[in-house]
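Hi there,

Here is the structure I promised to pass on. Have a look at it first, and then read my notes below.

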Amino acid sequence: MVGRAGRRTVRRGFLADLVRDLNVMTNYGDSGIFMPDTSNRTVRRRARGLRLVGVLMIALVAPVLLYSIQDPAQIRLRWGNALQVAYPEYRVCVDGIDDVGRSPLSMSLTAYVEPVSPVFGPGRPHEITQIFWGDVVGGSVLPGTRMTPALRGFRGGDGPSPAAKVDSRARLRELAEKGDSVALVSLTYPLTESVLESEVTDFSAPAARSFVFSGLPAPGSKPVFWRAGFVGCFPPGLSSAQSGSVTSQLREWVGSLGKGDERSLSRFGLNLTALQNAAREGRIYGLILTGWRMDQLLSLLDKPSVRSIDVVG
């Protein structure tokens, strides 16, 4: 049994050995740079042990650090909005409260999605996953709906087309008995937000503010889109979310994106340059109307600013 004096001796001996080992392992030489003296077998063995301890410490500490630097606000801002921009045919809502789950290596955002219709429902949960260095690896795809082909063939801003107008009028009259609908409106020429509201229709109801911000899409893609949102479903993470201006909201969101986001944007089918061009131009090529009757749409079609109307829901 070791007494108190013996324990002090043991501790002193351990400290003395540690100091000796550090002196042996440290060989500064003329360069003044720390170099372990590996000519001693014991030192080499202890150096390997120190390296192992370092690796273990990194393995223990790194997950905590990675967890701490992940920002739930950023996944809401970037990818919650990206999902809505990529899929105009859906209503995407992010509640901004308990919607983000975090692990040491990833974050997941739960949004609620439903196909656009005159009836508002709670939507179904849809999860977007981002790994710790920022890339989206899951949840960037939603299935097509009846609206998808019309979006891919969108021709807003392409100038007047009497034939397109005649076709639209005939289809609307065929659907005269249909109740409230969802319609994709193509404008004859692109308009600013203020001119659109004065020349085309009043958008005092926030839920109706769903605008297309680019003209002819690239083959296989859809035009740039933005939905202003409404109480309980505003675009997440934007200071301008409740301002009512869709142009301001789109510009703020696009301004939050950078070159490092291009790969993740491409997973949603989005292109950073196209988004930046649409935000910079700030003109509207079309709109999605929800809950309009056929007689209202026929009256809207008579306006020179409207090129065509497709009922898509």
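**Helix 3 and the sheet**

Let's begin with helix 3: 12 of its 15 residues are buried, so this helix is largely enclosed by the rest of the structure. Please keep in mind that this is a predicted model. The buried residues of helix 3 include Ile75, Leu77, Trp79, Leu83 and Val85, and Arg76, Arg78, Asn81 and Gln84 are buried too.

Does the length of helix 3 fit, and what should it span? At 1.5 Å a residue, residues 72-86 should span 21 Å, and the end C-alpha atoms are indeed 21 Å apart, so the two values agree. At the N-terminal end of helix 3, aspartate 71 acts as a cap, with a side-chain oxygen 3.0 Å from the backbone nitrogen of alanine 73.

Now for the sheet. Strands of a sheet pair through backbone hydrogen bonds, either parallel or antiparallel. Here the sheet is open, with 5 strands in the order 8-7-9-6-10 and antiparallel pairing. Strand 8 (225-227) and strand 10 (306-311) are the edge strands, each pairing on one side only. On average, neighbouring strands are turned by 20° against each other, direction ignored.

Look at strand 7 (residues 210-212), which is joined to strand 8 by 3 bridges. Across that pair, valine 212 stands opposite phenylalanine 225.

Two helices go with this sheet. Helix 7 (residues 246-255) lies across strands 7, 8 and 9, running at about 115° to strand 8. Helix 10 (residues 294-301) packs on the sheet and touches strands 6, 9 and 10, its direction making about 160° with that of strand 10.

Enjoy exploring!

Notes
Residues numbered from 1 in each chain as written. Predicted model: local features only at pLDDT ≥ 70, side-chain atom pairs only at ≥ 80, totals over all residues. Heavy atoms only, no water. Pairing = 2+ DSSP bridges. Helix = DSSP H or I, 4+ residues; strand = E, 2+ residues; numbered from the N terminus. Axes fitted to C-alpha atoms, helices over the stretch in contact; angles between N-to-C directions. Contact = heavy atoms within 4.5 Å. Expected span 1.5 Å × (residues − 1). Buried < 20%, exposed > 50% of the residue type's maximum accessible area, 1.4 Å probe, protein only. Polar contact = N/O pair within 3.5 Å; in protein donor to acceptor, adjacent residues only side chain to side chain.
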